[in-house]
Amino acid sequence: MADLSLYRNIGIFAHVDAGKTTTTERILKLTGKIHKTGEVHDGESTTDFMEQEAERGITIQSAATTCFWKDHRMNIIDTPGHVDFTIEVYRSLKVLDGGIGVFCGSGGVEPQSETNWRYANESEVARIIFINKLDRIGADFLRVASQVEKVLGANPLIMVLPIGREDEFVGMVDLLTRKSYIWDDTGEAENFEVGDVPADMVDEVEIYRELLIEKAVEQDDDIMEAYLDGNEPAMEDIKRCIRKGTIALDFFPTYCGSAFKNKGVQLILDAVVDYLPCPTEVKPQPLTDEEGEPNGEFATVSIEEPFRALAFKIMDDRFGALTFIRVYSGVLNKGDTILNSYTGKSERIGRMVEMHADERTELSSAQAGDIIAIVGMKNVQTGHTLCDPKHECTLEPMIFPTPVISIAVKPKDKGGSEKMGIAIGKMVAEDPSFIVETDEDSGETILKGMGELHLDIKVDILKRTYGVELEVGQPQVAYRETITQEIDDSYTHKKQSGGSGQFGKIDYRIKPGEPGTGFVFASKVVGGNVPKEFFPAVEKGFKSMMDQGPLAGFPVLDVEIELYDGGYHAVDSSAVAFEIAAKGAFRQSMPKAGPQLIEPIMAVDVFTPDDHVGDVIGDLNRRRGMIKDQEAGVTGVRIKADVPLSEMFGYISTLRTMTSGRGQFSMEFSHYNACPANVSLQVIADEKEKKAAKKK
């Protein structure tokens with residue numbers, strides 16, 4: 001069995017264009033996994049193997065690969081940077097033990113970096129920081145490190161200092177060893193010389209080295225005491241302290257370089273080996289009960305334990321469905337029968353493979369700590385737990401965001417319907433943030449996703465990968481409804497028509513809930529006027545009505561319902577009668593409780609060159625945006641604003657026109673907010689018109 005202390009399961013994540021995929025390419029070249037480096041801008045990188053990725057120069061889905069460095073096995077996942085695909089980052093972080101956060105040396109901490117960093121914090125993933133592109137104009141290593149501290153609230157541990165700035169950047173000084181690494185002009189990663197610290201940097205190196213050691217020794221009281229008495233710790237002790245602090249998330253070792261120019265990647269690989277945890281050093285995954293609540297047990301990473309694994313990604317390729325799994329404990333052999341604890345069904349393992357982007361190597365067994373793919377599993381979805389049938393368990397599930405934008409599509413020809421159904425089935429299994437519904441009235445297929453780009457890519461995949469030509473409707477916003485007033489009301493359901501009748505009376509209070517609470521039901525009935533066994537029926541009745549609000553039929557959010565009295569009949573009352581009473585009560589009371597249309601508000605983060613700031617802010621104001629923050633950087637200004645999603649369609653082309661192609665933006669769902677009256681009236685009128693058209 002392999003030694004788990006030599007395993008590193010790591011992800012590479014960052015903002016769009018910070019150089020994640022390029023860094024992955026350099027790592028694969030240095031570790032001997034590939035022999036020719038593919039460039040993102042040529043559409044030839046190893047991990048961006050989808051046609052859409054190569055064309056657009058962005059990563060859309062996370063890709064897994066395995067390589068070796070200094071006898072250590074690294075399972076690496078390259079993740080997307082674009083905000084529409086954060087689901088890929090989130091689910092990758094869920095199964096990783098460590099990560100490399102890549103930041104652009106001139107752009108610094110960009111919008112998507114914040115989202116990814118937050119996900120990594122929530123998943124408690126240890127990280128090292130790589131500040132890339134130091135050869136660019138405006139690049140400044142220490143400025144970006146202080147931004148990491150200010151914007152992300154993180155604690156960067158400076159491990160190196162760059163030699164030369166911008167186009168004169170040639171290498172770096174390793175603070176611990178006091179050695180310089182200087183690359184020549186050939187651009188080859190192997191062509192570097194190790195030497196002494198440049199004379200003009202000696203003082204600066206000593207200052208930062210002292211800060212580094214001071215931070216590190218705080219992890220061990222004995223070493224710190226000795227250090228305060230004037231004894232510098234041995235190199236192994238310092239490294240052990242850095243490793244301990246990194247795994248505890250107390251600080252993040254911070255490196256620099258230029259992945260594109262092949263400078264500094266070796267030090268990153270050494271840092272992964274030295275400071276990032278092996279599978280046994282991270283907190284074990286909690287096990288949960290059927291409701292998803294932790295039950296106090298854990299999946300300890302060990303080959304002695306029963307088999308437990310989490311399916312974190314489904315991918316359909318030319319060989320069939322691939323289920324990516326992270327094995328947390330035990331051993332899995334070809335031919336074993338395993339249980340999917342979510343569906344309760346068993347499956348036999350046919351083929352197991354180790355992935356290298358879209359290539360694969362056959363395996364006969366896998367063990368705790370491995371990230372592998374299984375070919376041809378049925379009924380497994382992202383987030384399902386696979387386990388030993390004799391030791392059933394459920395690992396902590398994944399939570400996926402709700403889509404905020406939708407489009408209606410239909411095939412151009414009749415033959416396309418069946419093809420589209422099969423293709424969409426596969427795509428939904430691959431991406432849990434992509435939801436598909438059929439409009440029963442019109443028969444249209446509604447695609448729901450995280451943003452315009454997300455849906456654009458899905459339509460593109462349907463056309464190119466599956467050959468389905470589509471007619472695509474206008475994007476639709478996921479409006480919701482809520483209430484603004486508290487009311488007390490009463491409803492009686494009474495039916496008497498031969499045989500046993502139906503009777504249920506409820507007195508209830510409906511009031512606005514806290515934002516983000518959804519539907520909350522409470523019963524305050526005392527004295528048995530409504531018997532306890534009917535409470536669930538009343539709750540079910542109200543809850544079933546939350547899908548269609550009184551204004552325009554949009555789902556209802558943030559409503560609290562309190563049942564405080566009622567009446568029942570010893571013979572005629574039943575659960576069904578009380579459920580019908582609750583439905584009637586909803587229809588009766590919601591229009592009286594000040595119903596209001598609410599719309600999704602997006603947190604928009606725009607980068608613009610200095611000379612276009614006024615235009616960009618003016619345009620955001622016209623889009624009903626609320627400007628929240630402005631921050632000047634070296635190469636331009638970052639503007640943060642909250643803007644309604646309905647006003648953001650086609651924004652990228654407007655921004656490019658305004659900024660001569662130099663502006664960038666990202667947005668993600670923030671919260672729901674009340675629609676202005678004029679917008680509300682227009683949306684309600686449009687919905688009524690649509691419904692009338694469907695009836696015809």
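Contact here means heavy atoms within 4.5 Å. The structure shown is a predicted model.

**Figure 1. Overview of the chain.** The predicted chain contains 16 helices and 37 strands. Of its 696 residues, 54% count as buried. Among contacts between residues at least 6 apart in sequence, 71% join residues at least 24 apart.

**Figure 2. Surroundings of Met159.** Leaving aside residues up to four places away in sequence, Met159 touches Val173, Asp174, Leu175 and Leu176. Met159 also touches Leu212 and Ile242, and further partners are Pro253, Thr254, Tyr255 and Tyr275.

**Figure 3. The largest nonpolar core and a second one.** The largest nonpolar core has 73 residues. Ile100, Phe103, Met159 and Ile242 are the residues with the most contacts inside this core. Helix 9 (residues 265-275) supplies the largest share of the core, eight residues. A second core, separate from this one, has 45 residues, including Ile407, Leu447, Val468 and Ile639. In soluble globular proteins, nonpolar side chains tend to be buried together.

**Figure 4. Crossing of helix 6 and helix 8.** The axes of helix 6 (residues 202-217) and helix 8 (residues 235-247) come within 8 Å and cross at roughly 65°. Angles of 65 to 115 degrees count as roughly perpendicular, and helix 6 and helix 8 are therefore roughly perpendicular to each other. Their crossing is left-handed. On helix 6, the contact is made by Leu212, Ile213, Ala216 and Val217; on helix 8, by Ile238, Cys241 and Ile242. By class, the residues of this contact are seven nonpolar, no polar and no charged. Two residues of the contact, Leu212 of helix 6 and Ile242 of helix 8, are also among the residues touched by Met159. Ile242 is in addition one of the residues with the most contacts inside the largest nonpolar core.

**Figure 5. Phe535 and its neighbours.** Phe535 is found in helix 12 (residues 535-544). Buried means under 20% relative accessible area; Phe535, at 15% relative accessibility, therefore counts as buried. Not counting residues up to four places away in sequence, Phe535 touches Phe521, Ser523, Val525, Val530 and Leu563. One of these partners, Val525, is ten residues from Phe535 in sequence, and the C-alpha to C-alpha separation of Phe535 and Val525 is 9.4 Å.

Methods:
Residues numbered from 1 in each chain as written. Predicted model: local features only at pLDDT ≥ 70, side-chain atom pairs only at ≥ 80, totals over all residues. Heavy atoms only, no water. Axes fitted to C-alpha atoms, helices over the stretch in contact; angles between N-to-C directions. Helix = DSSP H or I, 4+ residues; strand = E, 2+ residues; numbered from the N terminus. Parallel < 35°, antiparallel > 145°, perpendicular 65-115°, else oblique. Left-handed = near helix turned anticlockwise from the far one by under 90°. Nonpolar A, V, L, I, M, F, W, Y, C, P; charged D, E, K, R; others polar. Buried < 20%, exposed > 50% of the residue type's maximum accessible area, 1.4 Å probe, protein only. Core = buried A, V, L, I, M, F, W, Y, C linked by side-chain atoms within 4.5 Å.
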